[in-house]
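These are my notebook entries on what I looked up in one structure. I kept each entry short and in the order in which I worked.

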Amino acid sequence: MILCLQTKAPFSSTISFFYITLALVCCVAVLSLRTWTRVFCVVVNVLMIVSTLAATWTMPSHTLVYIQLGTSVFFALATILLLLPKTAQFYACAGDTPLSGEGEP
């Protein structure tokens with residue numbers, strides 16, 4: 001998400017609070033290791049892919065287009081990794097076990 005923020009700033013000279021908020025919510029969700037966070041992050045990544053591809057069509061410069069396309073590729077790779085069965089298994093196991101140090105006498 002940070003790459004997305006950096007590519008939008010030179011074009012519009014502003015950074016949307018929407019993207020910052022999504023990035024912070026995703027980080028907190030991932031750190032919580034709940035079973036629903038994987039699905040939430042996939043949805044957010046798909047929204048970011050659609051957003052960056054839509055912004056690509058309005059870019060005045062080819063350099064910015066390549067950066068936006070690269071951003072979309074990175075979000076797509078992250079989405080694919082989140083959809084792997086091994087990742088689903090990790091979140092399922094992590095959501096069931098307490099964090100280390102909790103509940104120990």
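**Entry 1: aromatic pairs**

I began with Phe40 and found a relative accessible area of 26%. Phe40 therefore counts as partly exposed, since the class lies between 20% and 50%. I note here that the model is a predicted one.

I then asked which residue forms an aromatic pair with Phe40. The partner is Trp36, and the pair is edge-to-face. I recorded 6.1 Å from centre to centre and 75° between the planes. Trp36 is partly exposed as well, at 48% relative accessibility.

How many aromatic pairs does the structure hold? I found 2. Phe90 and Tyr91 form a pair whose ring centres are 5.5 Å apart. Their planes stand at 80°, so I entered this pair as edge-to-face; the cut-off for that class is over 60 degrees.

I next looked up whether Phe90 and Tyr91 are buried or partly exposed. Phe90 has 45% relative accessibility and counts as partly exposed. Tyr91, at 8%, counts as buried because the limit for that class is under 20%.

**Entry 2: the nonpolar core**

I turned to the largest nonpolar core and listed 10 residues. Among them are Tyr19, Leu22 and Cys26. I also wrote down Cys41, Val42, Val44, Met48 and Ile49, and then Phe75 and Leu82.

Which elements give two or more residues to this core? I noted helix H2 (17-32), H3 and helix H4 (62-82). The largest share comes from H3, with 5 residues.

**Entry 3: Asn45**

I looked up Asn45 and placed this residue in helix H3, which covers residues 37-56. Is Asn45 buried or exposed? Its relative accessibility is 8%, so I entered Asn45 as buried.

I then searched for the contacts of Asn45, leaving aside neighbours within four places in sequence. The residues in contact are Phe75, Ala78, Thr79 and Leu82. Of these, I had already met Phe75 and Leu82 in the list for the largest nonpolar core.

**Entry 4: a patch on the surface**

My last search concerned nonpolar residues on the surface. I found a patch formed by Val73, Phe74, Leu77 and Ile80. Together these residues have about 400 Å² of accessible area.

I took Val73 as one member to examine and placed this residue in helix H4. Its relative accessible area is 47%, so I recorded Val73 as partly exposed. Helix H4 thus appears twice in my notes, as the place of Val73 and as one of the elements that give two or more residues to the largest nonpolar core.

Notes. Residues numbered from 1 in each chain as written. Predicted model: local features only at pLDDT ≥ 70, side-chain atom pairs only at ≥ 80, totals over all residues. Heavy atoms only, no water. Helix = DSSP H or I, 4+ residues; strand = E, 2+ residues; numbered from the N terminus. Buried < 20%, exposed > 50% of the residue type's maximum accessible area, 1.4 Å probe, protein only. Contact = heavy atoms within 4.5 Å. Core = buried A, V, L, I, M, F, W, Y, C linked by side-chain atoms within 4.5 Å. Patch = residues over 30% accessible without salt bridge, like charges linked within 9 Å, V, L, I, M, F, W, Y side chains within 5 Å. Areas by Shrake-Rupley, 256 points an atom, 1.4 Å probe, with all protein chains shown as cover. Salt bridge = Lys/Arg side-chain N within 4 Å of Asp/Glu carboxyl O. Phe/Tyr/Trp six-rings, centres within 6.5 Å; stacked < 30°, edge-to-face > 60°.
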